[in-house]
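Trainee: I would like to go through the terms used for this model and check each one.
Mentor: Good. Ask what lies behind each label, and we will set the value against the rule.

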Amino acid sequence: MDPKSPEFIIDPPLKVLGFVFEELSATRVAGHLTVTEKCCQPFKVLHGGVSALIAEGLASLGAGIASGYKRVAGIHLSIHHLRPAALGDIVFAESFPVSVGKNIQVWEVRLWKTKKTEKTDNKIMVSTSRVTLFCGLPIPDHVKDAPDELKKVISKL
């Protein structure tokens, strides 16, 4: 695990699980994850907590970009688990803003799956989430360079 890789800089917990970012912008954050043992519960399906981690991670990144790279904090997460994603499935995630205000943003996050052997046209919804975030928090001195690091990574995707 390369601590300098874009995914590790952007969101270390998602990187550890194997999440790969495909798009990062103020209007869409997207990526994918192959369901492995690392992210399964005992019945070999995607853990609901991992779905929630993806939802909050993607919404937070989008909200941070939309707020001009200010610090954000999730204040509410609502998730509906619709179907399981099994070991080996590829889970795609997409997040987009529902409401972008000065201090509060609401983002929708959708996860769907495909089998390794199927084309991505055959999507099956896994979960849908709403994430509410408080925006514009002060950035602590010890991470003042975080917005610049994020901008560098985004420019490379």
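**Labels and their grounds**

Mentor: Start with the strands. E1 and E2 run antiparallel and are joined by four bridges. Keep in mind that this is a predicted model.

Trainee: What makes E1 and E2 a pair?
Mentor: Pairing needs at least two bridges between the strands. E1 and E2 have four, so they pair. One bridge sets Leu24 against Val29 in E2. The two strands form a hairpin, with four residues between them.

Trainee: How do you know that E2 and E4 pair?
Mentor: By the same test. The rule asks for at least two bridges. E2 and E4 have six, in the antiparallel sense, so the label holds. Thr34 stands opposite Ile90 of E4.

Trainee: Now the charges. Why is the contact of Glu23 with Arg28 called a salt bridge?
Mentor: The cut-off is 4 Å between a side-chain nitrogen of Lys or Arg and a carboxyl oxygen of Asp or Glu. The closest N and O atoms of Glu23 and Arg28 are 2.4 Å apart. That is within 4 Å, so the pair is a salt bridge.

Trainee: How do you know that Arg28 also forms a salt bridge with Glu94?
Mentor: Their closest N and O atoms are 2.7 Å apart, so the 4 Å rule is met. This pair links distant parts of the chain, 66 residues apart. Arg28 sits in the loop between strand E1 (20–24) and strand E2 (29–34), and Glu94 is in strand E4.

Trainee: What makes a network here?
Mentor: Salt bridges link Glu23, Arg28 and Glu94. Arg28 takes part in the bridge to Glu23 and in the bridge to Glu94.

Trainee: Why are Glu23 and Arg28 called partly exposed?
Mentor: Buried means under 20% relative accessible area, exposed means over 50%, and partly exposed is in between. Glu23 has 29%, so it is partly exposed. Arg28 has 27%, so the label is partly exposed there too.

Trainee: What makes Glu108 and Arg110 a salt bridge?
Mentor: Their closest N and O atoms are 3.9 Å apart. The limit is 4 Å, so the pair counts. By this rule the count comes to seven salt bridges.

Trainee: Is Glu108 buried or exposed, and what of Arg110?
Mentor: Glu108 is at 8%, under 20%, so it is buried. Arg110 is at 34%, between the two limits, so it is partly exposed.

Trainee: Glu108 brings me to Ser95. Why is Ser95 called buried?
Mentor: Ser95 has a relative accessible area of 0%, so it falls under the 20% limit. The residue is in strand E4 (residues 90–100). Among its contacts beyond four places in sequence are Leu58, Ala59, Trp107 and Val109.

Trainee: How do you know that Ser95 makes a polar contact with Glu108?
Mentor: The side chain of Ser95 reaches the backbone oxygen of Glu108 at 3.4 Å. The cut-off is 3.5 Å, so the contact is counted.

Trainee: What makes Ser51 and Ile54 buried?
Mentor: Each has its own value. Ser51 is at 1%, under 20%, so it is buried. Ile54 is at 1%, so it is buried as well. Ser51 is in helix H3 (residues 48–66), and Ile54 lies in helix H3. Ser51 is in contact with residues including Ile79, His81 and Ser127. Ile54 touches Leu14, Phe19, Leu33, Ala93 and Leu111, leaving out residues up to four places away in sequence.

Trainee: What makes the backbone of Lys44 worth a remark?
Mentor: Most residues other than glycine have a negative phi. Lys44 is not a glycine, yet its phi is positive, about 65°. Lys44 is in the loop between E2 and H3. Tyr69, in the loop between H3 and strand E3 (71–81), also has a positive phi, near 65°.

Trainee: Last one. Why is Ile104 allowed in a surface patch?
Mentor: Patch residues need over 30% relative accessible area. Ile104 has 36%, so it passes. Ile75, Ile104 and Phe134 form the nonpolar patch, with about 250 Å² of accessible area together. Ile104 belongs to strand E5 (residues 104–114).

Technical notes. Residues are numbered from 1 along each chain as its sequence is written. This is a predicted model: local features need pLDDT of at least 70, side-chain atom pairs count only at pLDDT 80 or more; totals for chains, interfaces and linings use all residues. Side-chain values use heavy atoms; hydrogens and water are left out. Patches are made of residues with over 30% relative accessible area and no salt bridge: like charges are joined within 9 Å, nonpolar side chains (Val, Leu, Ile, Met, Phe, Trp, Tyr) within 5 Å. Accessible areas come from the Shrake-Rupley method with a 1.4 Å probe; for residues, only the protein chains shown count as cover. Buried means under 20% relative accessible area, exposed over 50%, partly exposed in between (1.4 Å probe, protein chains only). A polar contact is a pair of N or O atoms within 3.5 Å; within protein, one must be able to donate a hydrogen and the other to accept it, and residues adjacent in sequence count only if both atoms are side-chain atoms. Contact means heavy atoms within 4.5 Å.
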